[in-house]
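Biologist: I've got the model open, but I'm not sure how to read the places where chains meet. Could you walk me through it?

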Amino acid sequence: MPFYTFYSTENALTADQKAHVAEEITRIHVAHTGAPSRYVRVLFQEATAENCYTGGKVADVAMIRGIIRAGRSAETKETLLRDLWELLQTVTGLSDDELLVSVQENPARNAMEGGEVLPEPGAEADWLAHH
Amino acid sequence: MPFYTFYSTENALTADQKAHVAEEITRIHVAHTGAPSRYVRVLFQEATAENCYTGGKVADVAMIRGIIRAGRSAETKETLLRDLWELLQTVTGLSDDELLVSVQENPARNAMEGGEVLPEPGAEADWLAHH
Amino acid sequence: MPFYTFYSTENALTADQKAHVAEEITRIHVAHTGAPSRYVRVLFQEATAENCYTGGKVADVAMIRGIIRAGRSAETKETLLRDLWELLQTVTGLSDDELLVSVQENPARNAMEGGEVLPEPGAEADWLAHH
């Protein structure tokens, strides 16, 4: 399920930087949630400058939005957000007002992966034994 | 409300395949939910290979994500996910590890369509009578 | 947190219209929620005609989807949806059946902005005092 989209203006990142960011988002997600890395997806979505606005004005922006399985603890989510924030700021060099990091939670039963509907938190071992 | 996005790498589908997939997603959604087909939206979003990562590495991926009205039964959602999965696998020829299908649920009152805020499940008849 | 995506087919809006829409979405969001305008993001995402389907057929479509902080009242959300609808219809000239407006709600603690996890509704004053 974990599906991260990295939004930025065009050419904000080089191909090497994207590869680094994808590795780091994956590492951070796995470290905090214990999810198998092979289910962590990262998509980069770039927009031309005229398609990005903040406060009603054209502005540089970089955002990471993850859709993750519901049920992670508040502590897990906070450390996840903070590590993603640090990554986003380091790689883009943008200021605090130009960044946004968020996760949307989706119940396990609302997603299918590896050919099966996902297990609820706590039931992963049985599920993974079948994959 | 039903709004499906089909994510893939560039040129994964021909224009004919997209038309087929859009018809099939619409047919599947209508069959399982009873929603009028004219409210089922499908958007295809393609990314270059360097913008798609799984497990931190560049990888082919195909995903369907739907945003649907909250309140469908677990059985409805599971059959919806399974039929979408089969469609996704058939049309892309990708393996189980390269696919992801999910739905996000959104309360009826959080969307407007046909000029009106959507009805709660069970109140559709009155609503449709006005459209 | 407020993050709006405006979906349309290519060239549906000129650059000037996009600037107007971004200003208006920002104004509407601030008017109904009291959020600081500098946190309102608007992204325009355009698709080729062959990538947009309604009811299984290629069709023009224009949609606004916002991800907003959970906890707004039903009245706030309804007036927000109605004002966004009017904006969308005015700027695109499309008919009721070609438009969709929705908001997805996300809990404050699931997002980071300005370097901090967002405050719950009602705790904004303390939070803003630190930014």
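Modeller: Sure, we'll go through the chain contacts, then the strands, then one lysine. Keep in mind that this is a predicted model.

Biologist: Let's start with the contacts. How many residues of chain A are in contact with chain C?

Modeller: To size up an interface, begin by counting who touches whom. Here 29 residues of chain A are in contact with 31 residues of chain C. The area buried between chain A and chain C is about 2500 Å², and carbon and sulfur atoms give 52% of that. Asn51(A), Tyr53(A) and Leu100(A) supply 22% of what chain A buries against chain C, more than any other three residues.

Biologist: And which charged pairs should I click on? How many salt bridges are there across the interface of chain A and chain C?

Modeller: Look for basic side-chain nitrogens facing carboxyl oxygens; the cut-off is 4 Å. Four salt bridges turn up between chain A and chain C. One of them joins Glu50(A) to Lys18(C), with the closest N and O atoms 3.0 Å apart. Polar contacts are a separate count, and there are 19 such residue pairs between these two chains.

Biologist: Which element supplies the largest share of the side of chain A that touches chain C?

Modeller: That's S6(A), with seven residues. By class, the side of chain A that touches chain C has twelve nonpolar, seven polar and ten charged residues. S6(A) also pairs with strand S7 of chain C, residues 111-113, in the antiparallel sense over three bridges. To find the spot, pick Val101(A), whose bridge partner in S7(C) is Met112(C).

Biologist: Now the other partner. What does chain A bury against chain B?

Modeller: Use the same reading steps. Between chain A and chain B, 31 residues of A are in contact with 29 of B, and about 2600 Å² is buried, 52% of it from carbon and sulfur atoms. Arg41(A), Asn110(A) and Met112(A) supply 27% of the area that chain A buries there, more than any other three residues. The salt bridges across this interface number four; among them is Glu116(A) with Arg82(B), at 3.4 Å from N to O. The side of chain A that touches chain B divides into 14 nonpolar, eight polar and nine charged residues.

Biologist: How do I follow a sheet from one chain to another? What is the order of its strands?

Modeller: Step from strand to strand through their pairings and note the chain letter each time. Eight strands form an open sheet here, in the order S8(A)-S7(A)-S6(B)-S5(B)-S1(B)-S2(B)-S3(C)-S4(C), with mixed pairing. At the edges stand S8(A) and S4(C), each with a single partner strand, so one side of each has no neighbour in the sheet. S7(A) joins S6(B) in the antiparallel sense through three bridges, and Ala111(A) stands opposite Ser102(B). Further along, S2(B) and S3(C) are antiparallel over three bridges, with Leu43(B) opposite Cys52(C).

Biologist: Last one: how do I read burial? Is Lys77(B) buried or exposed?

Modeller: Check the relative accessible area; under 20% counts as buried. Lys77(B), in helix H2 of chain B, is buried because its value is 5%. Leaving aside neighbours within four places in sequence, Lys77(B) is in contact with Arg109(A) and Asn110(A) from chain A, plus Ile68(B), Arg72(B), Val103(B) and Glu105(B). You can read a whole strand this way too: six of the seven residues of S2(A) are buried, so that strand is largely enclosed by the rest of the structure.

How values were computed. Residues numbered from 1 in each chain as written. Chains lettered and ligands numbered in written order. Predicted model: local features only at pLDDT ≥ 70, side-chain atom pairs only at ≥ 80, totals over all residues. Heavy atoms only, no water. Contact = heavy atoms within 4.5 Å. Buried area = accessible area lost by both parts, 1.4 Å probe. Polar contact = N/O pair within 3.5 Å; in protein donor to acceptor, adjacent residues only side chain to side chain. Helix = DSSP H or I, 4+ residues; strand = E, 2+ residues; numbered from the N terminus. Nonpolar A, V, L, I, M, F, W, Y, C, P; charged D, E, K, R; others polar. Pairing = 2+ DSSP bridges. Buried < 20%, exposed > 50% of the residue type's maximum accessible area, 1.4 Å probe, protein only.
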